Amino acid sequence: MRQMIVGNWKMNGLSAPSRELVSALAQGLKAIANPPPVVVCPPFTQLAALAPLLKGTGIALGAQDCHQAPSGAHTGDISAAMLAELGVEYVILGHSERRREHGELDETVREKAVAAMEAGLTPIVCIGESADQRAAGEYQDVVGWQIKGSLPDNFSGVVAYEPVWAIGSGVPASPQDIADMMGFIRAELTRQFGETGKTMRILYGGSVSGREAPTILPIAEVGGALVGGASLKADAFLPIVRAAADCPRRH
Ligand SMILES: O=C[C@H](O)COP(=O)(O)O
């Protein structure tokens with residue numbers, strides 16, 4: 001399995017800079033021998049414009065959320081089918097910023113994952129403990145419950161472990177903490193999903209930069225990175241993609 005690099009632009013990206021970023025990424029990717037899978041997740045407003053620019057570049061398009069219903073009276077929301085129609089292939093679900101700012105619960109995230117899969121999208125479901133939960137020693141319980149609650153029985157997608165305390169802090173979790181949590185998550189996935197759980201891709205997210213990526217990506221069970229801040233500039237994102245290209249394949 002190749003390491004996958006996913007850029008989450010969050011609420012950043014007006015039209016002109018978004019187009020420039022995508023074109024710089026496409027150019028940069030051409031210079032990387034044997035590039036890994038790369039996904040960019042711009043805000044909803046840029047998806048339709050960027051989809052044609054990404055065709056043939058090797059960069060897939062992702063979104064940052066979708067509604068759990070296929071259609072209906074949900075003012076301001078976007079369905080998974082609407083995303084698929086634009087050429088979106090991935091959707092981030094249950095990001096800690098949505099759990100915190102929009103009160104998203106595990107049950108809602110699970111319903112969204114079902115809706116995404118039904119529309120043919122690959123869900124990237126985020127889990128991860130807060131600083132308080134880590135300090136209280138509850139981090140494995142929290143992450144274990146998130147896995148049980150957020151992933152449907154027929155889950156087919158990607159899991160992203162993002163310790164909330166590392167997001168946007170400039171300092172990723174230590175390699176030891178990442179290794180411990182990855183081992184724990186793999187064991188939980190295997191318990192819940194059997195054989196499928198053994199190979200389900202797990203991303204690490206939280207202040208990944210080009211400096212730490214060569215250390216983080218080779219850690220056992222890490223299947224790639226979910227990148228926030230460093231995905232907004234080509235010269236910050238491409239070194240992470242290069243580190244993934246250089247990372248030995250796992251089976
Ligand atoms: O979705 C991405 C994560 O929240 C990580 O963000 P960050 O790389 O800015 O810490």
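This is a dialogue between a student and a tutor about reading a predicted model of a protein with a ligand.

Student: Where should I begin, and how many helices and strands does the protein have?

Tutor: Begin with the inventory and the overall dimensions, keeping in mind that the model is predicted. The secondary structure comes to 11 helices and 8 strands, and the C-alpha trace spans about 45 × 45 × 35 Å along its principal axes.

Student: What does the radius of gyration say about a protein of 251 residues?

Tutor: The idea is to compare the value with the one expected for a compact globule, which for 251 residues would be near 18 Å; the protein has 17 Å, so the two agree. Two further values fill in the picture: buried residues make up 42% of the 251 residues, and, among contacts with a separation of 6 or more, 73% join residues 24 or more positions apart.

Student: How do I read a single helix, for instance H1, and what span should its 16 residues have?

Tutor: One compares the end-to-end distance with a rise of 1.5 Å a residue. For H1, residues 15–30, the expected span is 22 Å and the end C-alpha atoms are 23 Å apart, which agrees.

Student: Which residues of H1 are buried, and which exposed residues lie on the face turned away from them?

Tutor: The buried residues are Ser18, Leu21, Val22, Leu25 and Leu29. Seen down the axis of H1, the buried residues fall within an arc of 95°, so they line one face of the helix. The face turned away from that buried side carries the exposed residues Ala16, Glu20, Gln27 and Lys30. The cover over the buried residues of H1 includes strand E2 (38–41), helix H2 (44–54), strand E3 (59–63) and helix H11 (234–246).

Student: Since H11 is part of that cover, what covers the buried residues of H11 in turn?

Tutor: The elements covering them include H1 and E2, together with strand E1 (4–8), helix H10 (213–216) and strand E8 (224–227). The buried residues of H11 are Phe237, Leu238, Ile240, Val241, Arg242, Ala243 and Ala244, and a reader may note that Arg242 is one of them. With 13 residues, H11 reaches 18 Å from its first C-alpha to its last, close to the expected 18 Å.

Student: Can we repeat the exercise on H7, asking where its buried residues lie around the axis?

Tutor: In H7, residues 139–150, the 12 residues should span 16 Å and the end C-alpha atoms are 16 Å apart, which agrees. Tyr139, Val143, Gln146, Ile147 and Ser150 are buried. They cover an arc of only 100° around the axis, which puts them on the same side of H7. Their cover includes helix H5 (106–118), strand E5 (122–127), helix H6 (131–135) and helix H8.

Student: Turning to the ligand, how many residues surround it, and which are the closest?

Tutor: A ligand shell is read first by its members and then by their chemical class. Here 14 residues surround the ligand, the closest being Asn8, Ile167, Gly205, Gly228 and Gly229; by class, the shell has 5 nonpolar, 8 polar and 1 charged residues.

Student: What is Gly168 in contact with, beyond its neighbours in sequence?

Tutor: Gly168 lies in the loop between E6 and H8, and, leaving aside neighbours within four places in sequence, Gly168 is in contact with Ser207, Gly228 and Gly229; of these, Gly228 and Gly229 are among the residues closest to the ligand. Gly168 is nevertheless exposed, because 12 other C-beta atoms lie within 10 Å, and the cut-off for exposed is 12 or fewer. Val171 belongs to the loop between strand E6 (158–161) and helix H8 (175–193), counts as exposed with 11 C-beta neighbours inside 10 Å, and is in contact with Ala166 and Ser207 when neighbours within four places are left aside.

Student: Is Ser207 buried or exposed, and what is its phi?

Tutor: Ser207, in the loop between strand E7 (201–205) and H10, counts as buried because it has 21 C-beta neighbours inside 10 Å. As a general idea, most residues other than glycine have a negative phi. The phi of Ser207, however, is near 60°, a positive value. Glu221 also has a positive phi, about 80°, although it is not a glycine; Glu221 lies in the loop between H10 and E8 and is partly exposed, with 19 other C-beta atoms within 10 Å.

Methods. Residues numbered from 1 in each chain as written. Predicted model: local features only at pLDDT ≥ 70, side-chain atom pairs only at ≥ 80, totals over all residues. Near = placed C-beta within 6 Å. Nonpolar A, V, L, I, M, F, W, Y, C, P; charged D, E, K, R; others polar. Helix = DSSP H or I, 4+ residues; strand = E, 2+ residues; numbered from the N terminus. Rg over C-alpha atoms; globule rule 2.2 N^0.38 Å. Buried ≥ 20, exposed ≤ 12 C-beta atoms within 10 Å, placed from the backbone. Contact = placed C-beta atoms within 7 Å. Expected span 1.5 Å × (residues − 1). Arc of directions from axis to C-beta.
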